[in-house]
Each structure stands twice: as structure tokens, then as C-alpha cells.
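Reader: I'm new to this one and keep tripping over words like "buried" and "pocket". Could you show me the structure and explain how such labels are earned?

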Amino acid sequence: NVRVRRAGFAYRAEYERFLQRYKMTTPETWPNWRGGATRDGVVHLLTAHGVSTDHYRLGKTKVFLKEPRDLFRFEDLRAARLPYVVTKLQTQWRGVMHRRAYKHMLAAVRVQQYFRAWRARTNYARIRAAVTVQKHMRAWRARADWAKRGAVRTLQKHFHAFLAKKWFLSAVLPAYKDVKNHPTLGKTVKLAKPTALLEDAYDYVRDMAKVWRAHYMISSLSPADTAEMKAKIAAYDEFKDKKPWDPSHRYTVVNYVERDAGPARQPLWSTATAGLYQTGDSRILFATDVIKVHHTSKCELRTLIITENHIVKADHKNFKLHKTPVPLTKVEEIALSKHADTWFVIKCAPPERDIVLALNATCEKQKLTLTCDDDRLHQLVMVLAKRVAECTQRRPPITFNDSITYNNTRTDKKPNAPTSSITFQAMSAGGAAGGAERKTGCEC
């Protein structure tokens with residue numbers, strides 16, 4: 001020891017004591033040294049704080065420091081680190097205390113929870129017993145009231161039945177006794193109104209009479225008249241409140257060209273139809289003369305023929321076909337106006353051109369005026385829509401607008417040719433309703 005002190009190493013401490021005192025000064029030694037032996041921890045502390053190897057010596061169980069300033073520096077580092085250590089210990093202790101208090105609070109809450117649940121179950125049992133008593137009391141009172149009113153209802157029921165039988169035997173039966181032989185099948189029969197108690201019965205009898213009359217009239221129709229009636233009902237659903245039309249027009253004629261053809265045109269028509277059947281069609285569904293708008297915006301007189309699979313445009317004089325018939329599978333839409341005109345557009349899928357037609361119009365080019373003495377437009381539209389639906393399993397939409405856009409100039413080489421449009425507007429009181437104006441300047 002004397003030699004060590006003479007060599008200048010005045011401070012000495014055991015490895016365990018030195019490491020425990022100054023271990024908080026480095027992260028590697030705090031809170032515990034895990035790098036090996038205690039001596040290695042002491043060496044790490046000295047090296048980490050920059051102590052030169054000339055200023056310390058390592059013995060078997062102790063470390064010796066030569067310079068007091070190294071010892072003072074260790075003490076300063078320890079003093080600076082102690083507040084953090086104390087704060088850390090306080091934090092841990094406070095956490096323990098708060099967790100312990102929280103567990104006590106949870107226990108109290110759990111006790112309160114079970115107590116409140118028990119009290120709620122007890123109150124519910126009491127309320128349920130009271131509700132059960134009230135329920136049975138109300139049921140007993142309702143049964144008592146019903147028993148009192150049951151006799152009154154029975155008397156009213158029999159009295160109403162007596163009035164109904166009396167009214168039926170005295171008024172209904174004589175009025176409709178021979179209704180099948182009535183000129184209007186009972187439509188104009190005046191049925192005496194009963195008392196206010198039987199107003200519903202009066203309405204029911206009138207409705208039954210209407211249903212019977214409709215059923216009797218329909219069942220007496222021939223198959224042809226039945227088909228026409230169904231077609232007109234379909235037309236009614238399409239045109240009602242959308243476009244003016246004449247529901248009295250009969251659908252008995254479908255080939256207006258053959259009906260109106262004179263002696264000069266009849267042989268030509270027979271020849272043309274014979275050639276028409278060579279395209280694979282076996283019958284003509286509809287045929288009429290129309291005004292067609294040419295792709296040059298001129299109007300021409302044509303014959304429109306709707307067959308089983310095609311729309312055919314033929315010459316008005318000799319009935320020669322103009323271009324290739326348009327397949328019905330190409331029809332996408334039938335567009336009409338909202339006014340009392342006969343213009344309509346058959347819109348087709350590209351590259352087929354849209355077909356712009358009219359049944360009543362003037363053709364300036366040929367100085368001809370086409371006039372139909374009947375309202376066959378809705379018949380034509382319904383025949384075309386029905387056949388297209390049969391061919392494509394998709395019924396084309398029938399639209400009604402004040403302006404119709406179409407494209408009757410496109411070709412295979414020019415599928416995106418410019419479009420044209422027809423604008424419709426109601427005429428003044430002195431003129432005809434449903435005037436048509438084309439933006440391309442149609443000479444009609």
C-alpha cells in the first residue's frame with residue numbers, strides 16, 4: 001500500500017463499489033452492467049469518460065486512481081445524473097400506487113354494478129307483476145264491453161242484410177234481369193240508389209256490371225277483332241297524353257298500297273311483291289305511301305313496306321326497290337313529335353342511315369301532295385315496334401319530343417357524318433297544329 005500511494009494512486013475502491021456508485025453515468029452500465037465481469041464494467045466506465053490508462057491501475061479487487069480531478073469528474077457526473085434516477089424511481093413508485101388505487105376503484109365499481117343490477121331486477125319483477133295485473137284487468141274490461149256491444153252488432157248486421165236483400169230484389173234484379181238483350185248491355189241502366197248504409201254495395205254492383213259488360217263484349221269478338229283490340233290497347237298505352245291520335249281508326253287494313261292502287265298500279269304492285277318475297281320474307285306486315293327525306297335534304301314520294309325481316313323503300317310509280325332493304329334488327333328507336341303531325345324517324349344502328357318519313361306532307365320536287373284520310377300513323381308505329389321486338393327480343397323505345405335529331409347521310413366509309421334535326425312547334429289558332437321545320441332546309 002505504501003508503494004502504491006508513493007506512486008501517486010491516492011484513491012482506491014473495490015470494483016463492485018465503484019461500479020455501483022457510478023453506473024448511472026453511462027447507458028451501458030445503467031441500470032445493471034451486463035457486459036461481463038464487474039472489472040470489465042469498471043474499465044468501460046473509465047474508458048467511456050476518457051480516463052487515460054496512465055491515470056489508473058487495476059488490481060485484483062480494486063481500482064486505483066491517480067488524479068483527483070478524475071474522481072471529482074465522476075462525482076459531478078453522478079450528481080448530475082441523480083435527479084433523473086430519483087425522478088425515475090418516483091415515477092415507478094407512483095405508477096405502483098396509482099395502479100393499486102385503480103384496482104380498488106374497479107372493485108368498488110364492480111360492487112356497485114352488481115348492486116344496481118340486483119336492484120333493477122327487483123324493480124323489474126315488481127313492475128312486471130303490476131303490468132300483468134293491469135293487462136288482465138284491461139282484458140276483462142274489454143271482454144265485458146264486447147259482450148255488451150255484441151248484441152247491438154248482431155242486430156245491426158241482420159238489419160243491414162235485410163236492407164241489402166230488399167234493395168237487391170226491388171232495384172238491382174229488375175234493372176239487370178234481361179241485361180244481355182239491352183241495347184247498351186246495361187251501360188245506360190239507371191239503378192236506384194239505396195240508403196247511405198248501402199253506398200258501398202251500390203258502387204260494388206255498378207263495378208260488377210262494368211266488368212261483366214267488358215267481359216261479354218270481349219268474349220263476343222272474333223279472333224281478328226280481338227287481335228285488333230289488343231293492338232289498340234297497346235297504342236293507347238303508348239300515345240295517351242303524349243301525342244294526339246284517333247282511337248277510332250280501325251286496324252283491319254295493313255296493305256294500304258294494294259287497297260288504294262288503281263288499275264294502272266295494280267299489275268306493277270303484284271310483280272313487285274312477287275320479287276320482294278325472293279328476299280326470304282313471306283308476307284307484308286304493313287305497306288303505305290310516304291314522303292321520305294333524301295340524304296340531300298330533298299323530299300321524295302316513296303312506298304314504305306314492312307315485311308317480316310326488313311324495311312323496304314320502293315319507288316312510288318313502279319315499286320322498284322331503292323337500295324338494300326334495312327333489316328329490322330338494325331332498328332334502335334322510333335321518334336315522333338308531341339303534336340298532331342305525321343312525321344316520324346326510324347333510327348337505325350350505324351352504318352345504316354336513319355329513315356325520316358311523313359304520311360301527310362307536300363313534295364315540292366315532284367309537285368305531289370300526300371294526304372292520308374285516316375290516322376294510320378299509330379298503326380304503323382305499333383306494327384313496326386312489335387315486329388322489331390319479335391326479331392330482336394328487345395322492344396325499341398318510342399319517344400316523343402319537340403325536336404328530333406337524326407343522321408341520314410352516314411355510310412360505311414363515313415360513319416360519323418353530320419347530323420340533322422327536325423323541330424316541331426304548335427301552329428297558331430288559324431293554322432294546323434304540329435308544324436315541322438328542318439334545320440337543313442327541307443323542301444317540303
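Reader: What makes Arg353, Asp354, Ala417, Pro418 and Thr419 residues that Asn407 touches?

Author: Contact means heavy atoms within 4.5 Å, and Asn407 touches those five, not counting residues up to four places away in sequence. Bear in mind that this is a predicted model, where local features need pLDDT of at least 70, side-chain atom pairs count only at pLDDT 80 or more, and totals for chains, interfaces and linings use all residues. Residues are numbered from 1 along each chain as its sequence is written, and side-chain values use heavy atoms, with hydrogens and water left out.

Reader: Why is Asn407 called buried?

Author: Buried means under 20% relative accessible area, exposed over 50%, partly exposed in between (1.4 Å probe, protein chains only). Asn407 has 5% relative accessibility, so it counts as buried. You'll find Asn407 in the loop between strand E14 (403–406) and strand E15 (420–425); strands (E, at least two residues) and helices (H or I, at least four) are DSSP runs, numbered from the N terminus.

Reader: What makes the link from Asn407 to the backbone nitrogen of Arg410 a polar contact?

Author: A polar contact is a pair of N or O atoms within 3.5 Å; within protein, one must be able to donate a hydrogen and the other to accept it, and residues adjacent in sequence count only if both atoms are side-chain atoms. The Asn407 side chain reaches that nitrogen at 3.2 Å, so the pair falls within the 3.5 Å limit.

Reader: What is a nonpolar core, and which residues have the most contacts inside the largest one?

Author: It's a set of buried Ala, Val, Leu, Ile, Met, Phe, Trp, Tyr and Cys residues joined through side-chain atoms within 4.5 Å. The largest has 32 residues, and those with the most contacts inside it include Phe239, Ile311 and Leu336. Helix H9 (377–392) is among the elements that each supply at least two residues of this core, and the largest share, seven residues, comes from H9. Phe239 touches Trp245, Leu336, His378, Val381, Met382 and Phe400, again leaving out residues up to four places away in sequence.

Reader: How many of the residues lining the largest pocket are charged?

Author: Six are charged, alongside nine nonpolar and two polar. Here Asp, Glu, Lys and Arg count as charged, Ala, Val, Leu, Ile, Met, Phe, Trp, Tyr, Cys and Pro as nonpolar, and the others, Gly among them, as polar. Both H6 and H9 supply at least two residues of that lining.
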